[in-house]
Amino acid sequence: MRDSHFRVKGVRGIRKICYYIFNMMHDKIQNQIKEALKAKDSVRLTTLRGVLSAFTNESVNLKRTPQDKLSDEEAVAVIRRLVKQRKDSIEQFTKGGRQDLADNESAELKVLEEFLPAQMSEEKIREIVIKKKAEMGEVDKTKMGIFMGAVMKEVAGQADGKIVKQIIEEILG
């Protein structure tokens, strides 16, 4: 008796398996759009549509067709970029005295942050910085960029660069 049901047949079968494994984020966002439509949640709906639009733009930038879906790693990178844009916009709108626009951006930011992996705590980042400092030896202000790069590799996108920089400056004094 053969298990032909589970057997992968050629390149197309492998592509199907990869499609189902690596496109979870894209499908999750499309399902969230349907739910937002049903719930009539306009902020969530416009934010998620913007995310799908950013996915399409990224796909085109990567020399793929607009219909191709991004892998989860690529999707998370796009969402991180959108989160950074929202944070910058909130800062600019607050400086400019436009609290109404800042509130709208912060509502969109909350929706986007739902799709990001959990961020590291400051204590965990501090431990990593101290461990890297011990590994690299004496680090002064002139080699701070190299040290920062080593720490950012270690945290691998699980921490905000501004927080990491702040902790490094505290420790290096």
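Trainee: How many helices and strands does the secondary structure of the protein chain come to?
Mentor: In this predicted model, the protein chain has eight helices and zero strands. Read from the N terminus, the order of elements is α-α-α-α-α-α-α-α.

Trainee: What percentage of the 173 residues count as buried?
Mentor: Of the 173 residues, 31% count as buried. The chain exposes about 11800 Å², and carbon and sulfur atoms supply 54% of that area.

Trainee: What share of the contacts joins residues at least 24 apart?
Mentor: Taking contacts between residues at least 6 apart in sequence, 57% join residues at least 24 apart.

Trainee: Turning to helix packing, what describes two packed helices?
Mentor: Two packed helices are described by the angle between their axes and the distance between the axes.

Trainee: At what angle do α3 and α4 pack, then?
Mentor: Helix α3, residues 42–61, packs against helix α4, residues 72–95, at about 120 degrees. Their axes are 10 Å apart.

Trainee: Why are α3 and α4 called oblique?
Mentor: Roughly perpendicular covers 65 to 115 degrees and roughly antiparallel means over 145. The angle of about 120 degrees falls in neither range, so α3 and α4 are oblique to each other. Their crossing is right-handed.

Trainee: Which residues meet there?
Mentor: From α3, the residues are Val51, Ala54, Phe55 and Glu58. They meet Ala75, Val78, Ile79, Arg81 and Leu82 in α4. By class, this contact of α3 with α4 has seven nonpolar, no polar and two charged residues.

Trainee: And α6 with α8, at what angle do they pack?
Mentor: Helix α6 (residues 122–136) and helix α8 (residues 161–172) pack at about 55 degrees, with their axes 10 Å apart. That angle makes α6 oblique to α8. The crossing of α6 and α8 is right-handed.

Trainee: Which residues of α6 and α8 meet?
Mentor: On the α6 side are Glu122, Ile125, Arg126, Val129, Ile130 and Lys133. On the α8 side are Ile163, Val164, Ile167, Ile168, Glu170, Ile171 and Leu172. The contact of α6 with α8 comprises nine nonpolar, no polar and four charged residues.

Trainee: Now the loops. Where is lysine 40?
Mentor: Lysine 40 is in the loop between α2 (24–39) and α3. Its phi is near 55 degrees, a positive value in a residue other than glycine.

Trainee: Why remark on a positive phi?
Mentor: Because most residues other than glycine have a negative phi.

Trainee: Is lysine 40 buried or exposed?
Mentor: Lysine 40 is exposed, with a relative accessible area of 75%.

Trainee: What is the phi of lysine 63?
Mentor: Lysine 63 has a positive phi of about 65 degrees, although it is not a glycine. Lysine 63 is placed in the loop between α3 and α4, and at 77% relative accessibility it counts as exposed.

Trainee: One last residue: where does glutamate 74 lie?
Mentor: Glutamate 74 lies in helix α4.

Trainee: Why does glutamate 74 count as partly exposed?
Mentor: Buried means under 20% relative accessible area and exposed means over 50%. Glutamate 74 is at 23% relative accessibility, so it counts as partly exposed.

Trainee: Which residues does glutamate 74 touch, leaving out those up to four places away in sequence?
Mentor: On that basis, glutamate 74 touches Leu62 and Arg64. In addition, the C-alpha atoms of glutamate 74 and serine 59 are separated by 9.3 Å, and these residues are 15 residues apart along the chain.

Conventions:
Residues numbered from 1 in each chain as written. Predicted model: local features only at pLDDT ≥ 70, side-chain atom pairs only at ≥ 80, totals over all residues. Heavy atoms only, no water. Axes fitted to C-alpha atoms, helices over the stretch in contact; angles between N-to-C directions. Helix = DSSP H or I, 4+ residues; strand = E, 2+ residues; numbered from the N terminus. Parallel < 35°, antiparallel > 145°, perpendicular 65-115°, else oblique. Left-handed = near helix turned anticlockwise from the far one by under 90°. Contact = heavy atoms within 4.5 Å. Nonpolar A, V, L, I, M, F, W, Y, C, P; charged D, E, K, R; others polar. Buried < 20%, exposed > 50% of the residue type's maximum accessible area, 1.4 Å probe, protein only. Areas by Shrake-Rupley, 256 points an atom, 1.4 Å probe, with all protein chains shown as cover.
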